[in-house]
Protein chains: 2
Amino acid sequence: MQLHPAVLMFIAHRHAEGRILDALHAAGFDLTLSQARLAARIGPDGTRATELAEQAQLTKQSAGSLVEALEVGGYVERVPDPSDARARLVRLAEHGKRAQQVARREERAIVREWEAHLGARRFADLVESLGRLREIVDPYQ
Amino acid sequence: MQLHPAVLMFIAHRHAEGRILDALHAAGFDLTLSQARLAARIGPDGTRATELAEQAQLTKQSAGSLVEALEVGGYVERVPDPSDARARLVRLAEHGKRAQQVARREERAIVREWEAHLGARRFADLVESLGRLREIVDPYQ
DNA sequence: CCATTATAGTCAGGGAAGCTTACCAAGCAA
DNA sequence: TTGCTTGGTAAGCTTCCCTGACTATAATGG
C-alpha cells in the first residue's frame, strides 16, 4: 500500500510524540498529551493564553482549561502582562522547566537516531524540505 | 525558533488532514476527524475492527464505537467474516466509497501542490526519506 | 475429546478534550 | 462618551478514548 506523504509524516510524528511523552511519564511528570503540546508552545518570556490557543488551533476556552490544569500541576504560572491589564502571561514554572529539559533530551535523542538511520546528508535534506514545505502549510509562518 | 523535524511533520500533516476533512464536509459528508481517520484504514476487501484498532493504536472498544458511528452514517457495513465466526469485516458501503473518492481527489491535489512548491526532484527525495524513516518509526512495518 | 488459553467483539461507566453560546472587563478609537 | 475590539471566564454539551468485566468462538495441548 502506497501511503500518502502526509500519512508518513503522521506516523513519524506520532512516534516521536509518543517517545517524548513516555520519557516525561518515566521521569515522573504526569502530563497529558494535550497539556504537553500546549506547554511546548510557551515562549521563554511567557505567552498569552489567547496566543497559545491560536497557535494550537484551539478555542481560547479549551486552551484556558489546559493552562489551568498545567497550573494546578505546578508546570506553569500566570502573571499579569505589564503591557496590557486585561492579559496574563503563561510562563513555565520550575517544575515545567524540569519537564522541558526531559523533553528536550528525548527530542535530541530522536534526531540522532533519525540522522543515523538516514545519513547526515539525507537527514539535512529532509529537514530542509520540511522547512520549505512549511511556507505553504503553516498559517503561522 | 528552530522547530523539531517531527513538529514540521506535524504541521504539514495537520494541514493536509484539515484540507481533506474540509473537502469532505464541503461535499456533504459529515464525518468527524476520528471517524475519517479510522475509515481511511479500511482495506478494499474489508478489515476487522480489531485490526483497525491496532493500526490506529486504539482500544477495540474505541474502534468499535467509531465503526458503529460510521455504520449509522451509512459509510460502512459489517458483514460476517467467512473465515472466523467470531469476527465481522468492516467494509466501505457505497456512501463511504463516494466519500473516499472525494478524499482521494484532495490528497492528489495536495501532492501536486507540494511537488510544485518543492520541485519534482526534491519532492521525490522527501517521499523517499519519509519511507525510509518509516522503517524505524512504524510498528506496523 | 476435553480443558485451557487466545481472540473478536460487546456493555457499562468515566475522564479528558474541545466545542458553542453567553458573558465580563479592559483597551482603543470615533 | 459611545461603541467596537480584545483577553479571558462560565456553563453545558458532544466526541473521543480509556478501564474493567463479560460472552462467544477458535485454537491448542494433553
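A polar contact is a pair of N or O atoms within 3.5 Å. I'm jotting that down before anything else, as I'll want it for the DNA. Also for the record: this model is predicted.

**Entry 1: chain A, the overall look**

I started with the fold. I found six helices and three strands in chain A. Going along the sequence, I read off the order α-α-β-α-α-β-β-α-α. So much for the order; next I looked at the extent. I boxed in the C-alpha atoms along the principal axes and got roughly 50 × 35 × 25 Å.

**Entry 2: inside, outside and charges**

How many of the residues of chain A count as buried? I got 42% of the 141 residues. For the outside, chain A exposes about 7,900 Å², and carbon and sulfur atoms supply 49% of that area.

I looked up contacts too. Taking the contacts in chain A with a separation of 6 or more, I see that 48% come from residues 24 or more positions apart.

Then charges. Chain A has 20 positive and 20 negative ones, and their mean positions are 1 Å apart.

**Entry 3: DNA strand D**

Which residues are closest to DNA strand D? I counted 20 residues around the strand, and the closest are A:T50, A:K60, B:T32, B:Q61 and B:S62. On the DNA side, sugar and phosphate make up 61% of the strand D atoms that come within 4 Å of the protein.

Now for that polar contact idea. I checked B:A85 and found one of its backbone N or O atoms 3.1 Å from a phosphate oxygen of strand D. That pair fits the cut-off, because a polar contact needs N or O atoms within 3.5 Å. B:T59 also uses a backbone N or O atom, and here the phosphate oxygen of strand D is 2.8 Å away. With A:R86 it's the side chain: an N or O atom there sits 2.6 Å from a base oxygen of strand D.

I also noted which elements give two or more residues to the surface near strand D. From chain A they are α3 (49-56) and α4 (60-72), and from chain B they are α4 (60-72) and β3 (84-92).

**Entry 4: one serine, A:S129**

Last stop for today. A:S129 belongs to helix α6 of chain A, residues 120-137. Is A:S129 buried or exposed? It counts as buried, because its relative accessibility is 2% and the cut-off for buried is under 20%. Leaving out residues up to four places away in sequence, I found A:S129 touching B:L118, B:R122 and B:L126.

Note on methods: Residues numbered from 1 in each chain as written. Chains lettered and ligands numbered in written order. Predicted model: local features only at pLDDT ≥ 70, side-chain atom pairs only at ≥ 80, totals over all residues. Heavy atoms only, no water. Helix = DSSP H or I, 4+ residues; strand = E, 2+ residues; numbered from the N terminus. Buried < 20%, exposed > 50% of the residue type's maximum accessible area, 1.4 Å probe, protein only. Contact = heavy atoms within 4.5 Å. Areas by Shrake-Rupley, 256 points an atom, 1.4 Å probe, with all protein chains shown as cover. Lys, Arg positive; Asp, Glu negative; His and termini not counted. Charge placed at Lys NZ, Arg CZ, Asp CG, Glu CD. Near = heavy atom within 4 Å. Polar contact = N/O pair within 3.5 Å; in protein donor to acceptor, adjacent residues only side chain to side chain.
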